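User: Could you take a close look at the largest nonpolar core in this model? I'd like to know what it is built from and how it sits among the rest.

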Amino acid sequence: MSWLDTSLINPDFEDVLTLRPELKAGFDSFMASFAQSSDVPSHILALCREQVAIKHSESIAGEDTGALVGAEALALAVAEKISYDHHAISDEEVSALVDELGEGGAVTLLTASAFYDVIHRLKQVWATREGEG
Amino acid sequence: MSTRPRISSALPDQEPTFANVTAHAPDMIARFFTLYTELWQKGIVPPELKELTRIRNARITDCGY
């Protein structure tokens with residue numbers, strides 16, 4: 001149940017952000033920049049987004065990711081830690097990520113993973129449902 | 001926690017600060033600062049309260065900023 005007045009607003013992520021249209025526009029533009037970047041393949045961003053959702057128990061996709069190697073495996077390892085154990089992300093993992101994706105890719109992927117986490121935290125605090133943000 | 005910068009500055013001969021490191025993704029960080037400006041300079045929440053929550057958040061997450 002949301003603490004927001006549901007007689008005035010649907011308690012989903014998009015509608016709550018719409019309470020501040022300029023903020024929502026900026027947020028949407030920023031989030032879109034990840035997918036529009038050529039530094040990180042879109043399927044790796046999707047893996048990270050799913051991994052963060054799993055950590056927040058909002059996904060039951062449960063795909064077997066054990067066979068992943070290289071950039072995909074590194075990205076998942078980082079995305080898994082960024083939600084609740086960000087200090088556990090090691091120098092070696094970031095260095096390997098830079099080797100795989102370059103510094104621009106590493107910056108984009110780490111930022112994207114952190115903000116996928118932000119969306120889930122906001123949804124939980126607002127007690128909203130639906131919406132991908 | 002890392003004890004050294006993990007990603008270099010995108011700007012030659014400059015320290016690897018948040019802005020200089022994220023400059024490796026210039027379009028992304030430009031949009032971030034647009035969002036951040038909107039968040040910090042507008043809205044009804046007093047700036048002092050925003051800063052207080054920022055500092056609290058930084059302490060909780062062991063952030064040096």
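Analyst: Happy to. In this predicted model, chain A has five helices and zero strands, so to speak an α-α-α-α-α run when read from the N terminus. Of its 133 residues, 32% count as buried. Among the contacts in chain A between residues at least 6 apart in sequence, 71% join residues at least 24 apart.

Now for the core itself. The largest nonpolar core holds 35 residues, and those touching the most other members are A:I44, A:C48, A:A75, A:V78 and A:L109. Two or more residues come from each of helix 1 (13-17), helix 2 (21-36), helix 3 (42-55), helix 4 (70-82) and helix 5 (91-126) of chain A, and also from helix 2 (26-41) of chain B. Helix 5 of chain A gives the most to this core, namely nine residues.

A:L109 is a good place to zoom in. Setting aside neighbours within four places in sequence, A:L109 is in contact with A:V40, A:I44, A:C48, A:A75, A:L97 and A:L101.

Since chain B also contributes to the core, the contact between the chains deserves a look too. This contact takes 22 residues from chain A and 20 residues from chain B. On the chain B side, helix 1 (18-22) and helix 2 each supply at least two residues, and helix 2 of chain B gives the most, with eight residues. By class, the side of chain B that touches chain A has eight nonpolar, six polar and six charged residues.

Terms used. Residues numbered from 1 in each chain as written. Chains lettered and ligands numbered in written order. Predicted model: local features only at pLDDT ≥ 70, side-chain atom pairs only at ≥ 80, totals over all residues. Core = buried A, V, L, I, M, F, W, Y, C linked by C-beta atoms within 7 Å. Buried ≥ 20, exposed ≤ 12 C-beta atoms within 10 Å, placed from the backbone. Helix = DSSP H or I, 4+ residues; strand = E, 2+ residues; numbered from the N terminus. Contact = placed C-beta atoms within 7 Å. Nonpolar A, V, L, I, M, F, W, Y, C, P; charged D, E, K, R; others polar.
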